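Trainee: Let us work through this model by question and answer. Please give the cut-off for each term when it comes up.

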Amino acid sequence: MQPVTCSPARGWLGFPPSEQGGPICSSPLRKYLKRESAVKKFPPQHFSITTLNIIATITTTKMTTTTTTIPTLTAHTHAKSQYTTTSSRLAARLSIHNYNTHPQSWFQFAQTFIPKSGSILEVGAGTGALWSPPAISSPSQLSSVTSLTLTDFSPAMVATLNSNSDIAALKSILPNVKIQQCDAASLPFPDSEFDTVVANHMLYHVDNPIAALQEFKRVLKDGGRLVVALNGLDHLRELFEIGGMVGRGSTIAGLAKITAENALEQIEGAGFEGVESERFPGEFRLPGVEPVLEYLDSVGETDMEEGKRETVKRVVGERLDEGEGFRVEKNMVVFVGRKP
Ligand SMILES: C[S@@+](CC[C@H](N)C(=O)[O-])C[C@H]1O[C@@H](n2cnc3c(N)ncnc32)[C@H](O)[C@@H]1O
């Protein structure tokens, strides 16, 4: 029995989609894969996940083979590796919003599409930033809301929501604020329960967005409102261009089944009507290299090594514009639709 390590541990984030499916395992496993029968049984894409630092243990006794499960890399498996055990990666990424040039924050902008009445469900609520200042400046803004249900599939996010003091403040004035762990694909709520369903920057993490959208439709009342936020493929282009140089490129391009570009047809395909969209204006102006390092660290399993950090520092330094900072394009879009 010989353990074989598949590597690189953090490589795929920087690889274009065409390179994500190739076999990435070294020596004995690779040799084994070359055997026709093995390749037939485990096609190359079976070995596409590299971020999880997979250890495949192969027992070769008269070519009888036992392997541990090697998950295929999908939007969902990636989300699980990013979010299940910690909310700190998301928190680190959210700090890029501090450098937004638009006078409104993203969360303030997104809130303008959410009616402040009736029952509201947020799916994939993360750390609860949509319900904290500056998005909600005072809990009294929500006094006409009859219920607010914040959900996420990640136990770590649910723990963060439970300890969020802004959510606690909401609970003190709203009788019906609930936090629940559940998956977007299978919501534990009856049909026609909510007036509004919000999915803010989460649908690109599910493997079947149309099925999730249909689930959102199921729990919405007739005439209820869907609010979905997504990114375009060029979102944070300059940041991921540098990330690509150090194995920390964009994940959305290779894995997401839904982006701002194709969202309209999918939302309509799931049966929503009157779908409209609005792009969040402005861009990010980062004052120096630190926010870039923080963001790129957060997209991997661990922080970048020193050599890669030096590369990022050098390239950002070359692109920093005196007085203007490092300009990063954003492409964030809100879609609103109605259940017929
Ligand atoms: C990019 S974060 C956005 C969080 C939050 N909506 C925000 O804008 O700050 C995506 C969130 O979706 C959650 N998520 C990913 N896949 C999910 C699923 N299948 N069901 C429910 N939540 C999911 C993650 O745990 C994470 O909190």
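Trainee: With which residues is Val-197 in contact, leaving aside its neighbours within four places in sequence?
Mentor: Two residues are in contact if their C-beta atoms, placed from the backbone, lie within 7 Å. Beyond four places in sequence, the contacts of Val-197 are Leu-121, Val-123, Phe-216, Val-219, Leu-220 and Leu-226.

Trainee: What kind of model is this?
Mentor: Residue numbers start from 1 along each chain, following its sequence as written. Local features need pLDDT of at least 70, side-chain atom pairs count only at pLDDT 80 or more, and totals for chains, interfaces and linings use all residues, the model being predicted.

Trainee: In the largest nonpolar core, which residues touch the most other members?
Mentor: A nonpolar core is a set of buried Ala, Val, Leu, Ile, Met, Phe, Trp, Tyr and Cys residues joined through C-beta atoms within 7 Å. Buried means 20 or more other C-beta atoms within 10 Å of the residue's own, exposed means 12 or fewer, and partly exposed lies in between, with C-beta atoms placed from the backbone. This core holds 58 residues, and those touching the most other members are Val-197, Ala-199, Leu-203, Phe-216, Val-228 and Leu-230.

Trainee: Which strand gives the largest share of this core?
Mentor: Strands are DSSP runs of E with at least two residues, helices are runs of H or I with at least four, and both are numbered from the N terminus. Six residues make up the largest share, and they come from strand β7 (residues 220-231).

Trainee: How many residues are in the other core, which lies apart from it?
Mentor: Val-246, Val-292, Tyr-295 and Val-316 are among the members of that separate core. Its count of residues is 17.

Trainee: In what order do the seven strands of the open sheet stand?
Mentor: Two strands pair if DSSP finds at least two bridges between them. The pairing in this open sheet is mixed, and the order of its seven strands is β5-β4-β3-β6-β7-β11-β8.

Trainee: Which strands stand at the edges?
Mentor: An edge strand in this sheet has a single partner strand, so one of its sides is left without a neighbour there. The edge strands are β5 (177-181) and β8 (273-279).

Trainee: By how many degrees are neighbouring strands of this sheet turned against each other on average?
Mentor: Axes are lines fitted to C-alpha atoms, for helices over the stretch in contact, and angles run from 0 to 180 degrees between N-to-C directions. With direction ignored, the average turn between neighbouring strands of this sheet is 15°.

Trainee: Why is β3 described as largely enclosed?
Mentor: Strand β3 covers residues 118-122. The rest of the structure largely encloses it, because the number of its five residues that are buried is four.

Trainee: Which residue of β6 stands opposite Leu-121?
Mentor: On one side, β3 pairs in the parallel sense with β4 (residues 145-152) over five bridges, and Leu-121 stands opposite Thr-149 there. Three bridges join β3 to β6 (residues 194-200), also running parallel. In β6, the residue opposite Leu-121 is Val-197.

Trainee: At about what angle does helix α7 run to β5?
Mentor: β4 and β5 pair in the parallel sense over five bridges, with Thr-149 opposite Lys-178. Helix α7 (residues 155-163) lies across both strands, and its angle to β5 is about 160°.

Trainee: Is His-201 buried or exposed?
Mentor: His-201 is in the loop between β6 and α9 (209-219), and its phi is near 55°, a positive value in a residue other than glycine. Most residues other than glycine have a negative phi, and most peptide bonds are trans. Because 20 other C-beta atoms lie within 10 Å, His-201 is buried.

Trainee: Which residues are joined by a cis peptide bond?
Mentor: Omega of this bond is about 5°. One partner, Pro-134, is found in the loop between β3 and β4. The residues joined are Pro-133 and Pro-134.

Trainee: What separates the C-alpha atoms of Arg-285 and Arg-327?
Mentor: Arg-285 is in strand β9 (residues 284-286) and touches Arg-327, among others. The two are 42 residues apart along the chain, and their C-alpha atoms are separated by 4.6 Å.
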